[in-house]
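Open the model in your viewer and keep the sequence panel beside it. This tour goes from one selection to the next and says what is there each time.

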Amino acid sequence: MFTGIIETLGEIVSVSTEGTNYIFKIKSAISKELKVDQSVSHDGVCLTVTDIDKKEGIHTVVAIDETLDKTSLQQWEKGYIVNLERAMPANGRFDGHIVQGHVDQIAVCKSIKNKNGSWDLHFTASHLNRGVIVPKGSICINGVSLTLVDAKINTTNLIFSVSIIPYTWENTNLQRLKAGDFVNIEFDVVGKYIAQMMKSQIS
C-alpha cells in the first residue's frame, strides 16, 4: 500500500526486453537502500525489485504484458524521470490517500496552465473502466496523490483537472508533462468499492 506522496525521483538508465517483458534499470537516491522482492511505486505502478546494484545505486524492475497494456510503461525510455515511493510502513502516516499501485488506466494530458504560483493540469480518459471521479475527491496521477478540482463524466470520457502547488511541481515528474503525454491514473479505491457494490445491487 502507498500514499501517493513521492519520495524521490529516479532516472531510467536502460530498457531491455526478454520475451514480452520489459526490464528497466533505474538509478535513484533510494535504490541502494531497497531489497530484492520489495514493492515500489514507479509512476503509480507497483513493481517488484528484482535486482540491486548497490555500488552504482541502481535497481531493476520487470513489467509484464498485463502491466504494459494498462500503463504508460511501454513509452518509458532511457533518460525518463520516474516518480518513486516505497510502500507505507505499518506505523506510517497517511499524508496522501490510500493508493494500491494498481493503475486503472491511462489518461491524456490536454493542457497545462501556469497560474503564477500554481499549475492547472487538465486530462481526459476513456470511461470504459467506469472510473469514479468527483470534485474535491482523490485521484492518483503518475503515483502522486492529488485532489480533483473539476471532474466530469459523459458517456465516453472522463474529463478532469488538478491544481499543483510549487513543492509538488518541483519534486515530481509532473513538471515534465506536455500536452499529449500519457499518465497513469488510479481512482480512489473507496469510490471503486462503493461503485461496485451499487452496481451489484442494481443488477
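Select Phe-123 in this predicted model. Leaving aside residues up to four places away in sequence, Phe-123 touches Ala-107, Val-108, Cys-109, Lys-110, Ile-141, Leu-158, Ile-159, Phe-160, Val-162, Leu-177 and Val-183.

Now widen the selection to the core around this residue. Which residues of the largest nonpolar core touch the most other members? They are Leu-121, Phe-123, Ile-139, Ile-141, Phe-160 and Val-162, out of 24 residues in that core. Colour the elements that each give two or more residues to the core: β7 (105-114), β8 (119-126), β9 (138-141), β10 (144-153), β11 (157-164) and β12 (182-187). Another core, of 18 residues, lies apart from this one; its members include Val-40, Val-61, Leu-68 and Val-103. In soluble globular proteins, nonpolar side chains tend to be buried together.

Next, show β7 and β8 as a pair. The two strands run antiparallel and are joined by six bridges. To find one facing pair, select Val-108, which stands opposite Thr-124 in β8. The two strands form a hairpin, with four residues between them. In the turn, pick Asn-116, whose phi is positive, at about 55 degrees.

Stay on β7 and add β12. These strands also run antiparallel, here with four bridges joining them. Gln-105 stands opposite Ile-185 in β12.

One place along in β12 is a residue worth a stop: select Glu-186. Is Glu-186 buried or exposed? Its relative accessibility is 2%, so Glu-186 counts as buried, the cut-off for buried being under 20%. What does the side chain of Glu-186 reach? One of its polar atoms lies 3.0 Å from the backbone nitrogen of Gly-101, and the side chain reaches the backbone nitrogen of His-102 at 3.3 Å. Show the surroundings as well: beyond residues up to four places away in sequence, Glu-186 touches Gly-44, Val-99, Gln-100, Gly-101, His-102, Asp-104, Ile-139, Cys-140 and Lys-192.

For the last stop, go back towards the start of the sequence and select β1 (residues 8-18) and β2 (residues 21-28). They pair in the antiparallel sense over eight bridges. Glu-18 stands opposite Asn-21 in β2. Then add the other strands of the closed barrel, which has six strands in the order β1-β2-β5-β4-β3-β6, with antiparallel pairing. From one strand to the next, the twist averages 45 degrees.

Methods:
Residues are numbered from 1 along each chain as its sequence is written. This is a predicted model: local features need pLDDT of at least 70, side-chain atom pairs count only at pLDDT 80 or more; totals for chains, interfaces and linings use all residues. Side-chain values use heavy atoms; hydrogens and water are left out. Two strands pair if DSSP finds at least two bridges between them. Axes are lines fitted to C-alpha atoms, for helices over the stretch in contact, and angles run from 0 to 180 degrees between N-to-C directions. A nonpolar core is a set of buried Ala, Val, Leu, Ile, Met, Phe, Trp, Tyr and Cys residues joined through side-chain atoms within 4.5 Å. Buried means under 20% relative accessible area, exposed over 50%, partly exposed in between (1.4 Å probe, protein chains only). Contact means heavy atoms within 4.5 Å. A polar contact is a pair of N or O atoms within 3.5 Å; within protein, one must be able to donate a hydrogen and the other to accept it, and residues adjacent in sequence count only if both atoms are side-chain atoms.
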